[in-house]
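This report describes how two helices pack against each other and then turns to individual residues at their contact. Please consult the structure below while reading.

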Amino acid sequence: MTDDERDELAQILADLEAEEAEQEADRGYASPPLSRAIARLRRLTGPTAGSTTPQ
């Protein structure tokens, strides 16, 4: 993954996290699909993303 792609994913994640916070403030919870998408992006962009070491 290039630095530009990583930056783009980080921006998308930030946008989704802001939406999640807004939903939680408005309704007391965020939609499950949104929460799942955020979790998936966090896994993709986390410190071990792209690692070739077997887990």
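## The contact between the helices

In this predicted model, helix α1 contributes L9, I12, L13, L16, E17, E19, E20 and Q23 to a contact with helix α2, where the partners are L34, S35, I38, L41, R42 and T45. By residue class, this contact of α1 with α2 divides into 7 nonpolar, 3 polar and 4 charged residues.

## Geometry of the pair

Two packed helices are described by the angle between their axes and by the distance between those axes. For α1 and α2, the axes come within 10 Å and cross at roughly 150 degrees. Angles over 145 degrees count as roughly antiparallel, and α1 and α2 are therefore roughly antiparallel to each other. The handedness of the crossing of α1 and α2 is left-handed.

## Q23 in helix α1

Helix α1 spans residues 3-27, and Q23 lies within it. Is Q23 buried or exposed? Its relative accessibility is 14%, so Q23 counts as buried, the cut-off for buried being under 20%.

Two polar interactions of the Q23 side chain can be described. One is a polar contact with the side chain of R27, at 2.8 Å. The other reaches the backbone nitrogen of S31, at 2.7 Å. Apart from neighbours within four places in sequence, Q23 is in contact with G28, Y29, A30, S31 and L34. Of these, L34 is one of the α2 residues that meet α1.

## S35 in helix α2

S35 belongs to helix α2, which covers residues 32-45. With a relative accessible area of 28%, S35 is partly exposed, because that class lies between the 20% limit for buried and the 50% limit for exposed.

Which residues does S35 touch, if those up to four places away in sequence are not counted? They are E20 and A30, and E20 is among the α1 residues in the contact with α2. S35 and E19 are separated by 16 residues in sequence, and their C-alpha atoms are 10.0 Å apart in space.

## I12 and L41

I12 is found in helix α1. At 33% relative accessibility, I12 counts as partly exposed. Although 29 residues separate I12 from L41 in sequence, the C-alpha to C-alpha distance between I12 and L41 is 8.7 Å. Both residues take part in the contact of α1 with α2, I12 from α1 and L41 from α2.

Key. Residues are numbered from 1 along each chain as its sequence is written. This is a predicted model: local features need pLDDT of at least 70, side-chain atom pairs count only at pLDDT 80 or more; totals for chains, interfaces and linings use all residues. Side-chain values use heavy atoms; hydrogens and water are left out. Helices (H or I, at least four residues) and strands (E, at least two) are DSSP runs, numbered from the N terminus. Buried means under 20% relative accessible area, exposed over 50%, partly exposed in between (1.4 Å probe, protein chains only). A polar contact is a pair of N or O atoms within 3.5 Å; within protein, one must be able to donate a hydrogen and the other to accept it, and residues adjacent in sequence count only if both atoms are side-chain atoms. Contact means heavy atoms within 4.5 Å. Axes are lines fitted to C-alpha atoms, for helices over the stretch in contact, and angles run from 0 to 180 degrees between N-to-C directions. Angles under 35 degrees count as roughly parallel, over 145 as roughly antiparallel, 65 to 115 as roughly perpendicular and the rest as oblique. A crossing is left-handed if the near helix is turned anticlockwise from the far one by less than a right angle, and right-handed if clockwise. Ala, Val, Leu, Ile, Met, Phe, Trp, Tyr, Cys and Pro count as nonpolar, Asp, Glu, Lys and Arg as charged, and the others, Gly among them, as polar.
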